[in-house]
Amino acid sequence: MAFPPPPPPPPMPVPDGRPSGYATASVIIGAASLLGCCFLIVPPFVGLILGVIAMTRTPRTNRRAATWAVTGTALNGFVCAALPLLLAIGAMADRG
């Protein structure tokens with residue numbers, strides 16, 4: 001007398017795909033800094049830190065959240081890299 005095979009295990013839960021608050025804040029700060037508020041020095045660095053935190057806390061299976069984290073980090077990284085150039089141009093314009 002043979003027994004039937006056991007039923008298959010239940011499927012793994014699918015992540016909901018929502019980005020974390022850190023990733024969302026990083027994207028918002030990066031977009032604001034890129035669109036013209038880059039005369040403020042501190043926010044892009046805060047956004048860069050939040051983006052890195054979001055990248056480390058986001059599981060790789062949650063692709064949407066990982067995309068938001070990378071986007072926020074890239075936007076803020078670009079603004080942080082361009083900030084010295086913009087400050088130098090502004091200083092030369094003030095010399096007139």
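## Helix H1 and the overall chain

The buried residues of helix H1 pack against two other helices, H2 (42-57) and H3 (63-95). The model is predicted, and this report describes H1 before turning to the chain as a whole.

**Helix H1**

Helix H1 covers residues 21-34. Its 14 residues, at 1.5 Å a residue, should span 20 Å, and the end C-alpha atoms are 20 Å apart, so the expected and computed values agree. The buried residues of H1 are Ala23, Ser26, Val27, Gly30 and Ser33. They lie on the same side of the helix, because the arc they cover around the axis is only 135 degrees. Gly21 and Ile28 are exposed, and they sit on the face of H1 turned away from the buried side.

Ser33 can be looked at in more detail. This residue belongs to helix H1. Its relative accessible area is 4%, and residues under 20% count as buried, so Ser33 is buried. The side chain of Ser33 reaches the backbone oxygen of Ile29 at a distance of 2.9 Å. Just after H1, Gly36 has a positive phi of about 135 degrees.

**The chain as a whole**

How many helices and strands does the protein chain have? There are 3 helices and 0 strands. Along the sequence, the pattern reads α-α-α.

The radius of gyration of the protein chain is 22 Å, whereas a compact globule of 96 residues would have a value near 12 Å. The spans of the C-alpha trace along the principal axes are about 95 × 15 × 15 Å. Of the contacts with a separation of 6 or more, 77% are between residues 24 or more positions apart. The packing of the buried residues of H1 against H2 and H3 was described above.

The table collects values for the protein chain.

| Property of the protein chain | Value |
|---|---|
| Radius of gyration | 22 Å |
| Spans of the C-alpha trace along the principal axes | about 95 × 15 × 15 Å |
| Share of buried residues among the 96 residues | 23% |
| Accessible surface | about 7100 Å² |
| Share of the accessible surface belonging to carbon and sulfur atoms | 74% |

Buried residues thus make up 23% of the chain, and Ala23, Ser26, Val27, Gly30 and Ser33 of H1 are among the buried residues. Carbon and sulfur atoms account for 74% of the accessible surface of about 7100 Å².

Conventions. Residues numbered from 1 in each chain as written. Predicted model: local features only at pLDDT ≥ 70, side-chain atom pairs only at ≥ 80, totals over all residues. Heavy atoms only, no water. Helix = DSSP H or I, 4+ residues; strand = E, 2+ residues; numbered from the N terminus. Expected span 1.5 Å × (residues − 1). Buried < 20%, exposed > 50% of the residue type's maximum accessible area, 1.4 Å probe, protein only. Arc of directions from axis to C-beta. Contact = heavy atoms within 4.5 Å. Rg over C-alpha atoms; globule rule 2.2 N^0.38 Å. Areas by Shrake-Rupley, 256 points an atom, 1.4 Å probe, with all protein chains shown as cover. Polar contact = N/O pair within 3.5 Å; in protein donor to acceptor, adjacent residues only side chain to side chain.
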